Amino acid sequence: MGKALFDKFKEALASILPLSVLVLILSFTPLFDLTGQEFLIFSLSAVFMIIGIALFNIGADFSMTPMGTHIGSGLTKAKGLKLLLPASFIMGILITVAEPDLFVLADQVASAIDKTALIATVGVGVGLFLLIAVVKIVFKKDLSSILMFFYMCLFAMCAILAEEGKLFFIPLSFDSGGVTTGPVTVPFIMALGVGIASAIGGKNRGENSFGLVALCSIGPILAVMFLSLLSKGDLVYAVTGYDFPSDVGAFFALLGSKAAEVFVALFMIIIFFIVLQITVLKLPKEKVMGISFGLIFTFTGLTAFLTAVSVGFMPIGYKLGETLAKNPTALAIMAFVFGSVTVLAEPAVHVLTGQVEDVTEGSVSGKSMLIALGLGVGIAICLSVIRIIFKFSILYYLIPGYLISLGLSLFVPKIYTAIAFDSGGVASGPLTSGFILPMAIGACNALVGSEGVLSLAFGVVAMVAMTPLITIQLLGFKGITSKRLREKIALRRLLSKEDEQIIDFM
């Protein structure tokens with residue numbers, strides 16, 4: 001246990017250090033300036049971020065991941081679809097309500113849309129599509145076909161919103177899909193898929209276990225689009241909530257309120273798990289104790305993480321965007337750099353890479369995935385900043401981007417498509433909504449004004465979720481091309497041997 005915790009702290013330090021060092025180095029240049037108090041609060045936030053990620057990651061290993069695996073395999077074996085489907089729907093809603101990055105996004109749009117209505121709508125969207133994802137695993141349906149159908153539905157909804165004059169809802173809708181799959185959702189949903197696939201069996205169970213995160217990212221987008229059709233008039237957005245706390249004492253005051261939020265969110269998941277444990281699962285006492293122990297780490301880690309995001313990283317992100325907007329070239333360059341290193345700090349990314357490496361038995365390494373994700377996210381943030389500077393619709397990115405992604409799915413092994421679409425949801429976690437989105441809002445407010453924030457700054461999370469779909473599938477395409485080339489060279493060498501002898505035994 002001690003070694004595992006030490007390893008998690010090393011991973012967390014390696015994740016947060018590049019981003020923190022970049023911010024601190026920039027503060028000593030003419031591009032960006034921090035006061036002594038802001039420097040102190042950000043440094044303290046970075047320490048809390050490291051502690052939070054380390055504790056959360058080990059908590060996810062002991063609680064959310066085994067919980068999802070046991071629920072998936074236990075319900076599939078015990079009761080089949082008649083209990084598995086309603087349980088998946090309910091769990092989809094509950095884990096969404098507990099998702100911290102959804103709260104981060106909802107807080108930032110609270111001036112324009114009711115926070116409770118947004119969270120409830122997104123929760124129902126996740127629940128419905130988790131149910132669809134479970135049906136996909138049980139009946140072994142092709143993920144690419146399902147994704148193509150629902151993305152066509154998404155773009156049909158975009159056309160309807162354009163007709164209704166509600167294009168400003170499209171970036172927020174896609175962002176809602178991106179933030180839903182975060183540190184609480186990803187370990188549980190991926191483990192649920194692994195549990196169901198292992199219970200069903202079959203030669204493609206590793207491939208079938210992926211794709212749940214991808215489908216659960218679509219549900220909130222459609223749900224928020226339907227919500228927009230019920231709204232009347234334009235949304236009025238106000239830029240608020242990006243001020244540094246007055247002193248260090250305010251930091252610890254917020255720690256208490258975040259602990260209460262996390263407790264309420266996790267409490268509903270715990271109650272539902274207890275009900276399933278008593279009625280269906282009946283796990284041994286040792287496993288239940290291990291999950292309980294992991295939940296304590298999860299609670300502590302998420303509390304520290306969310307406090308660090310709210311107190312230090314959101315204000316820093318906003319100030320960075322506002323300051324760098326004075327030099328658009330520097331803004332675009334730093335957007336790429338920050339995007340590339342931010343993905344390393346997302347807790348769910350490390351959960352995904354570990355599970356991918358296990359399921360693919362090392363054929364898709366965690367290191368290659370991190371490099372592909374880093375490049376993809378860096379490009380996404382840079383393109384988002386360019387969109388703010390030149391003021392054009394996000395659909396100019398999303399439509400060709402998703403067409404390329406879906407087109408690639410026809411040429412790469414299916415497991416790469418599933419991993420790629422899962423990676424898109426995972427890359428857009430709490431730090432994206434808590435650091436990168438405030439940076440975009442700060443830049444947009446400086447360049448355009450608050451009236452352009454909803455249509456131009458929002459959508460950055462959607463871009464982060466989209467670009468890994470292309471980069472990971474290109475990684476898969478490169479892998480199969482290299483394999484075929486090696487096989488062709490080996491065959492050519494075999495056939496060109498000059499000393500080949502043919503022995504006739506007849």
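The following is a short exchange about one proline and some salt bridges in a predicted model.

Modeller: Local features of this predicted model need pLDDT of at least 70 and side-chain atom pairs 80 or more, while totals for chains, interfaces and linings use all residues. Residues are numbered from 1 along each chain as its sequence is written, and side-chain values use heavy atoms, without hydrogens and water.

Colleague: Why is Pro100 called buried?

Modeller: Buried means under 20% relative accessible area, exposed over 50%, and partly exposed in between, with a 1.4 Å probe and protein chains only. Pro100 has 3%, so Pro100 is buried.

Colleague: Which residues is Pro100 in contact with, leaving aside neighbours within four places in sequence?

Modeller: Contact means heavy atoms within 4.5 Å. Pro100 has such contacts with Pro183, Val184, Leu302 and Leu306.

Colleague: What makes Glu38 and Lys319 a salt bridge?

Modeller: The term requires a side-chain nitrogen of Lys or Arg within 4 Å of a carboxyl oxygen of Asp or Glu. The closest N and O atoms of Glu38 and Lys319 are 2.7 Å apart, so the pair counts as a salt bridge. The two residues are 281 apart in sequence. A search of the whole structure finds six salt bridges.

Colleague: Is Glu38 buried or exposed?

Modeller: Glu38 has a relative accessible area of 13%, so Glu38 is buried.

Colleague: Why is Asp107 called partly exposed?

Modeller: Asp107 has a relative accessible area of 36%, which lies between the two limits, so Asp107 is partly exposed. Asp107 forms a salt bridge with Lys115, with the closest N and O atoms 2.6 Å apart. Lys115, at 27%, also counts as partly exposed.

How values were computed. Helix = DSSP H or I, 4+ residues; strand = E, 2+ residues; numbered from the N terminus.
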